[in-house]
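The exercises below are meant to be worked through with the sequence and the coordinates open side by side. Try each task before reading its solution.

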Amino acid sequence: YHPLWAALLTPVVGLVEPSMAAIRLTVLLQALMSGAAFLVLARMLVPRIGTWPVALGLGLWWLSPASITAASTGVEASLVSLCVALLLAAAVHFVERPSTSWALALGAMGGITFLARSDAALAVIAAGLWAAVSASRRNPECHRWLMRYFGVVVLTGSTVVAPWRFWNLDRFGTIEQSSTWARPAVLWELVLTSRSGAPRSALFPEGIARALTFLGDGLYETLGLSRLLLVALGVGLGVAAAIAGRWSSTMRSLGWLAASLLVAGVLLAGFHAGVRWFPRVYYFEWLRMALSMGAAVLVAAILGSGGRGVRSSRPSDQQANIRLGRLAPTGRTLQVLRTTTCWLLGVVLVWNVGASVLTLTRPGAEWQPSMVAAAERLDDLMTDGERAVSFNSGYIGYLTDHPVTNVDGVVNNAAAEALRNRCLLYT
């Protein structure tokens with residue numbers, strides 16, 4: 001399990017009796033966090049690249065059916081997106097104004113983001129490396145105190161994470177949460193069994209094939225856009241920005257930050273598809289955020305908009321803008337290109353809104369309504385003192401007064417160990 005989301009839900013669910021109201025409170029909390037993530041990222045980007053690029057770019061993420069789904073399923077996706085947004089804001093402020101306070105903030109947000117979802121460590125690493133490289137380039141003569149600041153970042157992040165790690169070690173004998181391998185272990189065993197007890201080495205080529213298949217096909221669906229539309233948007237915005245873009249040092253820096261997160265997101269997709277064999281839409285919320293941030297930067301370059309730092313005083317930036325200016329369209333052609341960019345993105349956003357509305361009218365999976373219906377009848381069918389044992393135990397836990405024991409191993413280390421060893425835990 002991911003401890004920060006569990007810690008936040010405990011008092012929220014405790015406010016009401018087990019009922020649909022508990023689920024609605026959880027979804028409301030998710031929605032508020034999703035909105036807060038949008039506002040944090042927008043507040044960081046608008047002064048640097050302008051309002052319209054941020055509205056058009058971030059809308060690709062925040063209004064997409066995939067993100068609407070992730071923000072209404074009772075899981076930690078919205079919390080992770082909020083934490084990553086705060087992490088990026090801290091990284092940008094640290095690069096612009098290196099100080100001990102911003103180093104503490106960056107380290108703390110790195111640790112908190114990890115506690116929100118452990119695989120978000122890839123986003124933390126990407127943001128940290130970007131901050132280190134960017135701060136060093138902006139202050140080439142100050143490597144010594146920059147190293148000291150990054151020592152503060154690492155120490156602070158480790159301090160935030162350490163209590164949970166030590167608690168896991170004390171309670172379960174491991175610093176690793178059971179949710180990492182519980183379901184993948186079942187999938188691995190099913191494959192090996194279907195192949196007449198093949199050796200575990202047979203899982204390696206299977207994992208490579210699954211990762212390549214997902215990266216070539218499934219990832220597009222998790223990003224919330226069709227493959228054709230995503231490629232067309234990426235190529236179109238990239239070519240337009242390369243030809244007509246008016247780039248500043250701020251835009252390029254934010255572009256590199258988005259690119260770093262995208263690389264980390266692809267690694268995340270490869271890990272979940274090729275190692276865990278269990279990629280889910282809500283795992284990739286911060287990847288969708290990074291994609292939209294990159295789109296916002298490209299739109300800003302095309303529109304020539306921006307806030308602080310758009311017109312750089314550095315000679316290298318001025319020369320780059322002059323070289324691009326010789327190739328760039330001017331006058332009416334440039335205006336048509338900019339207008340077309342805005343209209344096309346506007347059409348995509350309208351399509352996103354329509355698709356998201358349809359998404360909210362139907363359950364994410366066909367079995368979910370029956371799971372809820374079964375949970376609502378439990379109290380009538382069970383006597384006092386009886387315990388419910390369930391896969392997907394979150395559904396049951398929200399809707400019954402009886403104790404619920406998780407048996408898929410996601411939040412039960414003993415069940416995860418029993419699954420790995422193919423033995424009975426409860427008889």
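**Exercise 1.** Leaving aside neighbours within four places in sequence, find which residues Trp145 is in contact with, and decide whether Trp145 is buried, partly exposed or exposed.

*Solution.* In this predicted model, once those sequence neighbours are set aside, Trp145 is in contact with Pro98 and Asn139. Trp145 itself is found in helix α8, which covers residues 143-172. Its relative accessible area is 24%, and because buried means under 20% and exposed over 50%, Trp145 counts as partly exposed. As a further step, compare sequence with space: Trp145 and Ser99 are 46 residues apart in sequence, while their C-alpha atoms are 9.4 Å apart.

**Exercise 2.** Describe how helix α2 (residues 20-49) and helix α13 (residues 285-303) pack, beginning with the angle and the distance between their axes.

*Solution.* The two helices pack at an angle of about 20°, and the axes of α2 and α13 are 11 Å apart. Since angles under 35 degrees count as roughly parallel, α2 is roughly parallel to α13. The crossing of α2 past α13 is right-handed. On the α2 side, Leu41, Met44, Leu45 and Ile49 meet Met289, Met293, Ala296, Val297 and Ala300 of α13. Sorted by class, this contact has 9 nonpolar residues, with no polar and no charged ones.

**Exercise 3.** Check the span of helix α16 (residues 368-381) against 1.5 Å a residue, and then list which of its residues are buried.

*Solution.* The 14 residues of α16 should span 20 Å, and this agrees with its end C-alpha atoms, which are 20 Å apart. Buried in α16 are Gln368, Met371, Val372, Ala375 and Leu378, and what covers the buried residues of α16 includes α2, β1 (388-390) and α17 (393-399).

Terms used. Residues numbered from 1 in each chain as written. Predicted model: local features only at pLDDT ≥ 70, side-chain atom pairs only at ≥ 80, totals over all residues. Heavy atoms only, no water. Axes fitted to C-alpha atoms, helices over the stretch in contact; angles between N-to-C directions. Helix = DSSP H or I, 4+ residues; strand = E, 2+ residues; numbered from the N terminus. Parallel < 35°, antiparallel > 145°, perpendicular 65-115°, else oblique. Left-handed = near helix turned anticlockwise from the far one by under 90°. Contact = heavy atoms within 4.5 Å. Nonpolar A, V, L, I, M, F, W, Y, C, P; charged D, E, K, R; others polar. Expected span 1.5 Å × (residues − 1). Buried < 20%, exposed > 50% of the residue type's maximum accessible area, 1.4 Å probe, protein only.
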